[in-house]
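Student: I would like a close look at a single part of this structure, the place where its chains meet, set against the architecture around that place. Please take the details in a connected order.

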Amino acid sequence: MSTSEILHSPITELSRKLRKKECTSVELTTAFLNHTKKSNPSLQSFLTIAEESALEQAKKADELLEKNATTHDLCGIPIAIKDIICTKGIKTTAASRILENFVPPFDATVVSHLKQVGSVILGKTNCDEFAMGSSNENSAFANCTNPWNTEYVPGGSSGGSACAVSSRQTPGSLGTDTGGSIRQPASLCGIVGIKPTYGRVSRFGSMAFASSLDQIGPFANTVLDAALILDVISQSCTKDSTYAQKPFIFDQQQICTSIKGKKIGVPWKFVETYANQEVLKNFKDQIDFFTKQGATIETIELPHQHFASACYYIIAPAEASSNLARYDGIRYTLQEGRTESLDQMYVQSRSLGFGEEVKRRILLGTFVLSAGYYDAYYNKAVHIRELIRKDYQDALKKVDAIATPTTPTPAFKLGAKTKNPLEMYHADVFTVGVPLAGNPGLNIPTGFSQNNLPFGLQLVGRPFEEDVLFQLGYAHELEHKWYEKVPTV
Amino acid sequence: MSAWTKQDLENIAKLAKLAIPEKDIPARLQEFADILKYIEVLNQANIETTQANTQDHLSMYNDEVSTSLPIDAVLQNAVEPESPFFTIPAFIEGGKS
């Protein structure tokens with residue numbers, strides 16, 4: 001295979017070629033590493049390129065493939081990992097100064113599963129610090145850019161993982177989604193990304209931001225590739241009590257089944273309130289497509305969705321303020337020891353180590369949990385979360401999936417929203433309710449704006465019915481083949 | 001609630017173990033005023049008949065002995081490891097020794 005063929009092939013195709021001995025994992029890995037090293041200065045999608053260990057893993061994968069052993073489809077396939085997910089022996093910083101030199105002594109469960117099937121860990125991708133952000137501009141180390149136009153953001157927080165897949169630095173990657181951090185960057189970079197059902201994938205080894213919302217999920221250029229990765233990372237774990245022990249089983253035949261008769265709900269009022277004109281027009285075209293394919297479109301109501309963003313910005317910071325208390329400058333983080341007291345050492349270490357958005361959310365979370373304000377803010381938000389969850393439950397009794405645009409606008413310019421945190425928070429308006437409810441949400445690419453920036457469609461399903469979302473996404477992909485359009489980097 | 005004061009902000013920062021430089025306080029107060037105003041939309045929701053969720057699934061596992069990480073691996077990220085411990089600067093009665 002030529003380098004160009006390697007970089008532009010989906011995982012399913014690379015896997016076939018590996019089995020037919022038309023290429024080796026070392027060749028694939030070398031091609032992706034070389035492309036990454038060349039393009040990373042302008043994209044800044046990788047924080048660490050793990051060249052040496054990746055090539056070692058690729059050699060081992062080739063040995064397995066050579067023996068014709070029964071191997072998984074991901075054997076020998078390079079995958080990049082968001083830098084908030086622990087990788088044994090590879091620096092994992094959460095894009096934060098406070099963990100700038102942290103090298104985990106263990107693998108996250110998802111990484112163990114990938115290694116077990118013979119995948120190759122290419123390196124660690126850039127993100128917003130501790131996954132807090134919607135543009136990747138909160139990384140302490142570099143601004144990742146959008147591969148379709150490097151003056152624009154790739155989305156966040158998993159911006160590096162999305163950019164790396166879109167620019168063909170890797171055929172697949174992992175991200176985490178707390179309020180939209182997989183679906184939103186997938187949309188802004190024009191690729192497939194899925195936030196699985198809460199509990200579908202073990203969170204062990206993923207640095208916690210908001211534990212009741214965080215989920216790890218895959219990015220890929222095609223629906224089948226994303227489904228293949230989900231199959232591997234959702235396998236067993238006994239180290240996360242919120243893991244539901246319901247692995248996703250990849251079933252290509254099911255995913256490729258006709259969608260005739262499927263019911264798709266559209267909350268038109270919600271969509272029309274928040275989507276800009278260009279996004280709305282693109283969204284309507286996708287709905288027309290599904291109608292032509294034999295799906296039924298029904299108007300639905302999600303009456304409490306306009307509370308989702310405010311609810312999220314209470315619950316997520318509250319959990320973050322608690323989770324990030326562990327970074328104290330004592331055991332394994334940046335330490336500012338030149339202080340007069342132990343308390344000052346905590347304060348100085350944390351104040352030097354955390355960036356502005358992380359501090360903002362810790363302060364907000366500490367406030368909503370503090371005596372006198374707990375009931376007025378946190379307690380109210382957890383009750384409203386139930387109304388939001390019920391909105392999805394009720395709607396999904398009538399339909400198989402809910403469709404909205406993934407983002408209210410295409411990608412925005414770097415720096416456009418950094419001075420106004422609230423404006424940045426609005427970028428998550430369509431995605432933020434889904435993790436509050438715990439349902440799965442898939443982004444699929446749906447074309448390009450006048451400025452040549454990608455649009456995305458979000459499909460939300462019932463808990464543990466990712467297969468229905470993949471089925472709908474595949475039907476769309478089969479017709480449109482947006483993965484064939486590749487950014488020039 | 002009424003607008004945040006400098007004292008409110010300093011109290012929350014103390015609880016959060018964070019320092020806010022004096023020059024940043026006016027901007028922080030404005031940010032928080034804006035965010036809290038935004039969050040006030042939740043006052044419009046009727047939650048009188050809503051129960052907070054207590055049904056989320058949690059898996060119970062058998063309590064089985066397994067291998068722990070080696071101490072040296074655990075200490076590899078400590079600022080000053082001294083196996084089997086890590087050391088920190090000594091602080092005595094509020095003063096550094």
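How many salt bridges does a search of the whole structure find over all chains, and which residues and elements form the side of chain A that touches chain B?

Tutor: The model is predicted, and what follows is computed from it. Over all chains, the search of the whole structure returns 30 salt bridges. One of them joins the side chains of A:R19 and A:D73, with 3.4 Å from N to O. A:R19 belongs to helix 2 (residues 11-19) of chain A, whereas A:D73 sits in the loop between helix 4 (51-66) and strand 2 of chain A, so this pair ties together parts that are 54 residues apart in sequence.

Between chain A and chain B, the count is three salt bridges. One pair in a salt bridge consists of B:K17 and A:D343, whose side chains meet at 3.0 Å, N to O. The interface also holds 12 residue pairs in polar contact, with both residues at pLDDT 80 or more. On the side of chain A that touches chain B, the elements giving two or more residues are helix 12 (308-323), helix 13 (342-353), helix 14 (356-368), helix 15 (375-398) and helix 16 (421-425) of chain A. Helix 15 of chain A provides the largest share of that side, with nine residues. Sorted by class, the side of chain A that touches chain B comprises 33 nonpolar, 17 polar and 12 charged residues.

In extent, the contact draws 62 residues from chain A and 47 residues from chain B. The two chains bury about 4,900 Å² between them, and 68% of this lies on carbon and sulfur atoms. Of the area that chain A buries against chain B, 12% is supplied by A:L363, A:H383 and A:L422, more than by any other three residues.

The surrounding architecture of chain A includes an open sheet of 11 strands in the order 1-3-2-4-6-5-10-11-9-7-8, with mixed pairing. Strand 1 (46-49) and strand 8 (296-299) of chain A are at the edges and have a single partner strand each, so one side of each is without a neighbour in the sheet. From one strand to the next, the twist averages 30 degrees. Within the sheet, strand 5 (residues 192-195) and strand 10 (residues 441-448) of chain A pair in the antiparallel sense over three bridges, and A:K195 stands opposite A:G441 of strand 10 of chain A. Helix 6 (residues 159-166) of chain A packs on the sheet, and strand 4 (172-177) of chain A is among the strands touched; the directions of helix 6 and strand 4 of chain A make about 155 degrees.

How values were computed: Residues numbered from 1 in each chain as written. Chains lettered and ligands numbered in written order. Predicted model: local features only at pLDDT ≥ 70, side-chain atom pairs only at ≥ 80, totals over all residues. Heavy atoms only, no water. Contact = heavy atoms within 4.5 Å. Buried area = accessible area lost by both parts, 1.4 Å probe. Salt bridge = Lys/Arg side-chain N within 4 Å of Asp/Glu carboxyl O. Polar contact = N/O pair within 3.5 Å; in protein donor to acceptor, adjacent residues only side chain to side chain. Helix = DSSP H or I, 4+ residues; strand = E, 2+ residues; numbered from the N terminus. Nonpolar A, V, L, I, M, F, W, Y, C, P; charged D, E, K, R; others polar. Pairing = 2+ DSSP bridges. Axes fitted to C-alpha atoms, helices over the stretch in contact; angles between N-to-C directions.
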